[in-house]
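Visitor: Please take one part of this structure and go through it closely. I would like to hear about the empty space enclosed in the protein, and then how that compares with what lies elsewhere in the model.

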Amino acid sequence: MSKYHVTTTINGDEVDFTCYADQTLLEVLREDLNMTGTKNGCGSGDCGACTVIVNGRPVNACLVLGAELDGANIETIEGMSTGTELHPLQQKFLDHAALQCGICTPGFLNMAKALLEKNPEPTETEVRYALAGNLCRCTGYDKIVRAVLDAAAEMRESTS
Amino acid sequence: MNEVKTTAKTNFKWVGKRTRRPDGPDKVTGRARYGDDMVMSGMLYGKTLRSPHAHAKILSIDTSKAEALKGVKAVVTHKDIPDHPLLEPPYGPMIADLHDISRNVMAREKVLYDGHAVAAVAATSERIAKAAIKLIEVEYEILPHVLDPLAAAQPGAPILHEHQFTHGVDPKPEAPSNVFRVVSAERGDLEKGFADADIIVEREFRSEPVHQGYIEPQALIATASEDGAVEIWTTTQGHFVIRGLCARLMNMDMSSIRVTASEIGGGFGGKNNVYAEPVAIRLSQKTSRPVRMVMTRSEVFRGTGPASGTYSRIRMGAMRDGTIVAAEAEIYNQAGAFKGSPVGRSVDSFFSSYSIANAKATAYDVCVNRPKVAAYRAPGAPMATMAAELTINELAEKLDIDPVDLRMKNAVQDGGQSLNGAKYGRIGLTEVLETVKNHPHYSAPLAPNQGRGFALGYWMHGGGLSSVVANLLDDGTVAIATGNPDIGGSRSSMRVMAAEELGVDLELIKPIVADTGSMGYSHLTAGSRTTFATGMAVINSVREIIEKLRALAAKKWEIPVDDVAWEAGQAVTQRDGFEALTLKQLAGMATKMGGAIAGHSEINAGGAGAAFSAQIVDVEVDPETGFVSLKRYTVIQDAGRAISPDYVEGQMQGGAVQGIGWALNEEYIYDDKGCLQNLGFLDYRMPVASDVPMIDTVIVEVPNPNHPYGVRGVGEPPLVPAPGAVANAVENAIGKKMGSLPLSPPKILGTLELCR
Ligand code: FES
Ligand code: FES
């Protein structure tokens, strides 16, 4: 089987990789690029642990093929903070204890970031539905939802 | 809303404060390394071939085609895993029988469930490994299977283990049975008790097995070197336990195996065991290369432990004034393919919140053709508790007594006993029940089609073996190493306790989880024991450092050590003319004045004691669809003392939501051949954010006298009453009794339609 050559931008850097036709973005990131911040909880699109942002939209990296991504702009958890400064969502997840084991956290953070870019002032219900594709077995979601609402408020304040 | 109600000392510097966790930044940036985030140079990829049958004899295994595939470096079967004799009685509460474990990690004579491991390969890529297992040819003779615990316990059921005769019954049975053992506990005179009762309620319940549902699948790397040493990197709740099991199973010296625990992506009891570790050791020994083995999600469902599905019967009798005078229950726990369901805990869980003069509980450990059950957060408790709590609520209804008042009247008191005979010290049950009674949620109005549920849960915590090493560094910072994987923020609690003892800033304490080569034995991060037991070892270790620092200050000042005290992070003396020496100053002197300063502690902690969690739930049932929506949820629990309240609340909220899933959605679906059909999170439906409301919490603090800060375990109690509380709310919403979990829409609709 021959491989495809793909050129992408990942977290602002130009990244080239080669992959088989059936290789998912998740496999490319984790296995070939050694970017293990994106997690694999199911490999079938059911847990959201692998959520990354491709061309501005949140996607399950396990459902996207690497070969489809030539020219794509990909954002992963490794690029969420700016230098040594954590993103407000990352800060609020820490302040609200929105993680226990933390395996779901990168996926939740990306999904929440995508939500707040589209809807800077979500209600609790909107947050819950936006995050409904991301499973967390530890927290019962309470502190995650609070962290997202609080981050949204803070981000609104800093842009106004 | 989250509150903390405390009756005890509160002038702490760090205990009880909301602080950021030390491992936080790594976990929000993707830097933290979990089981599957490690690579080693020259690493091979392992893959497991699993049984497609629920029950079958293995006639032959031909691995030659797989071995011939380019890139395949080794293939193993049961021949590569040493066999061990059956464990002999007496059996303790926890059974680790190497005979069974060797067969669970690799099927030997028979496959006993769909998904049972049969062979494994190591290859130069995942792709080749996957292709290779398809080339392994296994000849099976299919046998009849049994999935239901009640059916499996009947004479004539297909037998999983011909060598198994029910233990704990008289006379000793002559025919083999799927029932491994029957355990019971009783007190008083049941017959008399029921004769005294004015009212008796009898019920029965069924429940499906549920999976722990950790989001991170099992993953590990094993490396064997030519001199016999083995290193393992794995996601586990107890790397010392993995070391011990691997050494015993593979007939190796314990000291030749070193295990490092990765960050762990959830466990809930499901990562207390070995699965692929021994297999990976063997593959690595055969190839002299590191071997990584990662389960897929469907392998997690097919091959790793759920909690037992159950069948239970219960009968309780009370007098008109509300005194519960008699209680009798039995429960059949699915053990899965091998013995070892939590029967003792089931027995203890029915009635131990109450002082009932005449009570008996019995539990059956029943083998069925399903994966071997593993612990799941308060193993054995939730289903027994549901049976008792729903029955008590029905008694309350019939007696026209408020359910909380009825519990108050019968609540076990300080100094009482559990049904298994465990003595209670100071417990917070009365305080918890009073808090429920006064909570606004308990008396808030309900809308049409809504119902409120209530249940109480009890759990007796474990203490056990913990080891800690604390090293004071030259600059006055302190490295704390424990042997307990941190699942839900324990490093944060360890840091808080160390800083509190030393009287210094949190930032000066750096907690880590060390590997098995670095320190004494530490038991699992399980049984809600870590903050209690390992925390005590942290406190001991830091106190040893303080003693050494006092001695150092005394030496420096040339005064007796008894004249030196440790206060607020410095050595001080009442004597005139000496200025306090800070931790930092003393740390800098240490190496010049005798040597580095460290403390360590290896303990077997007792006195963890019991804790109680009470839950109030409001649901709304759609009469057209049978769909249940959660409207309001409150968890009230005695935590003894919350070292890190954020993480105590997190445990309470997470446990409650797992209980919601257990009650409403989660179940295993098998086809008529005994093969598991719902192999993913799409069909095994765990609660998502839009399924649940905020989970309100009230932490009640009745300090545990057996811990320096009053800590009780908090992880398990919140799951114990949750399924019962939710089921009770559904019953009250529809005005019908429900006897079988999950309370899925078709089941509720069926009940409603029957009654229309
Ligand atoms: S790993 Fe992609 S959704 Fe679960
Ligand atoms: S924090 Fe463990 S799964 Fe979300």
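Guide: The model is predicted. Its largest cavity has 19 lining residues, and those nearest the centre are B:T48, B:R50, B:Y275, B:A276 and B:M295. The volume of this cavity is about 200 Å³.

Several elements of chain B take part in the wall. Strand 2 (44-50), helix 3 (98-105), strand 14 (291-294) and helix 9 (297-303) each supply at least two residues of the lining. Strand 2 gives the most, with four residues. Sorted by class, the lining of the largest cavity comes to 11 nonpolar, five polar and three charged residues.

The count of cavities of 30 Å³ or more is 10. The second largest of them holds about 110 Å³ of space. Its lining is made up of 15 residues, and B:A307, B:S308, B:P342, B:G380 and B:W662 lie nearest the centre. Here the element of chain B that gives the most is helix 11 (residues 381-399), with three residues. The lining of the second largest cavity has 10 nonpolar and five polar residues, and no charged ones.

Next, the boundary between the two chains. In chain B, 55 residues are in contact with 48 residues of chain A. Together the chains bury about 4,300 Å², of which 54% is on carbon and sulfur atoms. B:R20, B:V28 and B:M694 supply 18% of the area that chain B buries against chain A, more than any other three residues.

Eight salt bridges are counted between chain B and chain A. One of the salt bridges pairs A:K39 with B:D37, whose closest N and O atoms are 2.4 Å apart. Polar contacts across the interface link 26 residue pairs, with both residues at pLDDT 80 or more. On the side of chain B that touches chain A, helix 1 (24-28) and helix 18 (645-664) of chain B each supply at least two residues. Helix 18 of chain B gives the most to that side, with nine residues. By class, the residues of chain B on that side are 26 nonpolar, 17 polar and 12 charged.

To return to the cavities: strand 2 of chain B leads in the lining of the largest one, while helix 11 of chain B leads in the lining of the second largest. Three charged residues belong to the lining of the largest cavity, whereas the lining of the second largest has none.

Terms used: Residues numbered from 1 in each chain as written. Chains lettered and ligands numbered in written order. Predicted model: local features only at pLDDT ≥ 70, side-chain atom pairs only at ≥ 80, totals over all residues. Heavy atoms only, no water. Contact = heavy atoms within 4.5 Å. Buried area = accessible area lost by both parts, 1.4 Å probe. Salt bridge = Lys/Arg side-chain N within 4 Å of Asp/Glu carboxyl O. Polar contact = N/O pair within 3.5 Å; in protein donor to acceptor, adjacent residues only side chain to side chain. Nonpolar A, V, L, I, M, F, W, Y, C, P; charged D, E, K, R; others polar. 1 Å grid on protein atoms, 1.4 Å probe; cavity = no way out; pocket = protein on both sides within 12 Å on 5 of 7 lines; lining within 4 Å. Points joined across faces, edges and corners; volume = space filled by probe spheres on them.
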